[in-house]
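I opened this entry to keep track of what I looked up, in the order in which I looked it up. The structure comes first, and my notes follow.

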Amino acid sequence: MPTYARFPLALVRGRGSWVWDADGRRYLDFVGGIAVTALGHGPRGLASTVARQIDRLVHVSNLYHTEAAGRLAELLVKAAFPSKVFFCHSGTEANEAALKLARKYAHGRDGADRSEIVAMENSFHGRTYGSLSATGQSKYQVGFEPLVPGFLHVPFNDFATLDAATGPRTAAVIVEPIQAEGGVRVPSSDYLRRVRGMCDRKGIVLIFDEVQTGLGRTGRAFAFQHFGVRPDILTLGKSLGGGLPMAAMLARDEVVSAFGPGSHAVTMGGSPAVAVAALWAMKRQLAPALLRRAAAAGAYLRSRLERLRCYPAVQDVRGMGLLQAIELDRPARPVVETCVGRGVLLTVLQERVVRFLPPLTVKRNELDRAVAVLDRVLAETGGTDAAASAHA
Ligand SMILES: Cc1ncc(COP(=O)(O)O)c(C=O)c1O
């Protein structure tokens with residue numbers, strides 16, 4: 001169906017930070033399946049691990065315990081905070097689970113009047129109806145009304161407006177610690193701490209959507225760890241399954257007590273073949289040495305991108321870890337299309353933003369190469385001669 005603006009490329013294989021098209025041309029992949037292939041393409045050992053599990057036991061449903069899902073939950077809880085885990089397949093599904101749990105908990109504690117969900121303008125939480133209703137961008141919603149009632153939106157990184165908008169009717173606040181699809185927007189350092197304090201004071205469940213920022217992307221296991229706060233509910237997805245479809249919701253025990261058998265379910269969530277892939281990937285991805293490496297690579301990428309500010313077209317450089325972006329004063333699609341033509345895959349956000357999502361295993365010379373290609377494209381199309389030659 002015509003739901004994607006695809007680039008005219010058919011990709012057939014990948015290794016590390018690289019992918020190859022059907023004609024044998026190779027590309028530096030700084031899209032990474034939109035933050036999914038965080039360990040690079042074809043990490044050695046993943047395929048055989050999954051193949052062995054498929055041969056042994058591919059699926060049994062959530063009517064039974066399985067080892068990999070249990071071990072994975074343990075690993076995630078240890079990395080995040082004391083909690084319980086619900087497995088599903090996509091970010092939007094993890095957010096649906098979070099919204100349902102938050103409302104059920106609030107209803108059970110305070111009655112059905114406490115049902116409002118406050119979300120952020122410019123946020124992105126997914127495409128199913130609950131997550132779409134939480135999403136704060138009308139371009140995703142137009143034509144799909146009526147949306148789920150009970151959602152309202154306030155500006156991101158504006159504590160006073162959030163504080164004024166919340167009260168005894170508020171069940172939950174849902175926020176991405178860093179707005180990703182919204183253009184890679186990092187809040188001020190005390191914003192999330194103030195939101196946490198307010199939620200505690202008013203008895204509101206705080207949900208962090210870390211579908212894109214979680215699992216090492218920002219140089220720590222979770223973006224919230226940069227800000228010194230914890231949510232009540234955390235959603236994860238993207239790279240969790242090592243490239244296979246897996247997502248998760250983690251929640252504090254007290255909140256989880258609102259759920260019982262049958263409250264929420266999904267037939268294949270945490271299915272053994274996907275759970276072994278996730279366990280294999282997370283053991284590597286959340287290892288301190290890889291997180292340190294990702295943080296260093298992110299700082300290096302940022303330093304290289306900062307140098308592009310010499311071009312008048314570059315309005316801003318921002319991000320955290322290996323989620324970085326530059327904002328242009330013009331549509332970014334032509335710039336990105338030229339980069340793709342020269343062997344570097346990048347994505348466009350919000351018309352004028354170019355986003356970098358290299359694997360956490362990216363090498364310095366690969367970062368140099370991608371930035372050099374973008375630098376040249378900007379020199380040709382987005383800068384004055386004076387700026388380009390001063391930079392050279
Ligand atoms: C922060 C955030 N939440 C949720 C989603 C939705 O994830 P999925 O496409 O797996 O449903 C995304 C996808 O980009 C995201 O960035």
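**Ligand shell**

I began with the ligand and found 15 residues surrounding it, the closest being Ser90, Gly91, Thr92, Val211 and Gln212. I keep in mind throughout that this is a predicted model. When I asked which element gives the most to the shell around the ligand, I arrived at helix 4, residues 91–110, with 3 residues. Sorting the shell by class, I noted 8 polar residues, 4 nonpolar and 3 charged.

**Two domains and their contact**

I then turned to the domain assignment, which gives domain 1 as 11–30 + 288–391 and domain 2 as 46–285. Taken over C-alpha atoms, the centres of domain 1 and domain 2 are 28 Å apart. Looking at where they meet, I recorded 17 residues of domain 1 in contact with 18 residues of domain 2. On the domain 1 side, at least two residues each are supplied by helix 11 (288–306), strand 11 (314–320), strand 12 (323–328) and strand 15 (353–356). Helix 11 accounts for the largest share of that side, with 5 residues. The class count for the side of domain 1 that touches domain 2 came to 11 nonpolar, 4 polar and 2 charged residues.

**Strand 15**

Since strand 15 is among the elements supplying that side, I followed its neighbours. Strand 12 pairs with strand 15 in the antiparallel sense over 4 bridges, and I noted Val354 in strand 15 as the bridge partner of Ile326. Strand 14, residues 347–349, also runs antiparallel to strand 15, joined to it by 3 bridges, with Leu349 standing opposite Val353. These two strands, 14 and 15, form a hairpin with 3 residues between them, and in the turn Gln350 has a positive phi of about 50 degrees. Is strand 15 covered on one face or on both? I found both faces covered, with Val353 and Arg355 buried on one side and Val354 and Phe356 buried on the other.

**Leu345**

My last stop was Leu345, which I placed in strand 13, residues 344–345. Why does Leu345 count as buried? It does so because it has 22 C-beta neighbours inside 10 Å, where the cut-off for a buried residue is 20 or more. Leaving out residues up to four places away in sequence, I listed its contacts as Tyr27, Leu28, Asp29, Phe30, Val31 and Val340. I also checked Arg307, 38 residues from Leu345 along the chain, and found the two C-alpha atoms separated by 20 Å.

Terms used: Residues are numbered from 1 along each chain as its sequence is written. This is a predicted model: local features need pLDDT of at least 70, side-chain atom pairs count only at pLDDT 80 or more; totals for chains, interfaces and linings use all residues. Domain bounds come from an automatic or database domain assignment. Two residues are in contact if their C-beta atoms, placed from the backbone, lie within 7 Å. Ala, Val, Leu, Ile, Met, Phe, Trp, Tyr, Cys and Pro count as nonpolar, Asp, Glu, Lys and Arg as charged, and the others, Gly among them, as polar. A residue is buried if 20 or more other C-beta atoms lie within 10 Å of its own, exposed if 12 or fewer, and partly exposed in between; C-beta atoms are placed from the backbone. Two strands pair if DSSP finds at least two bridges between them. A residue is near a molecule or strand if its C-beta atom, placed from the backbone, lies within 6 Å of it.
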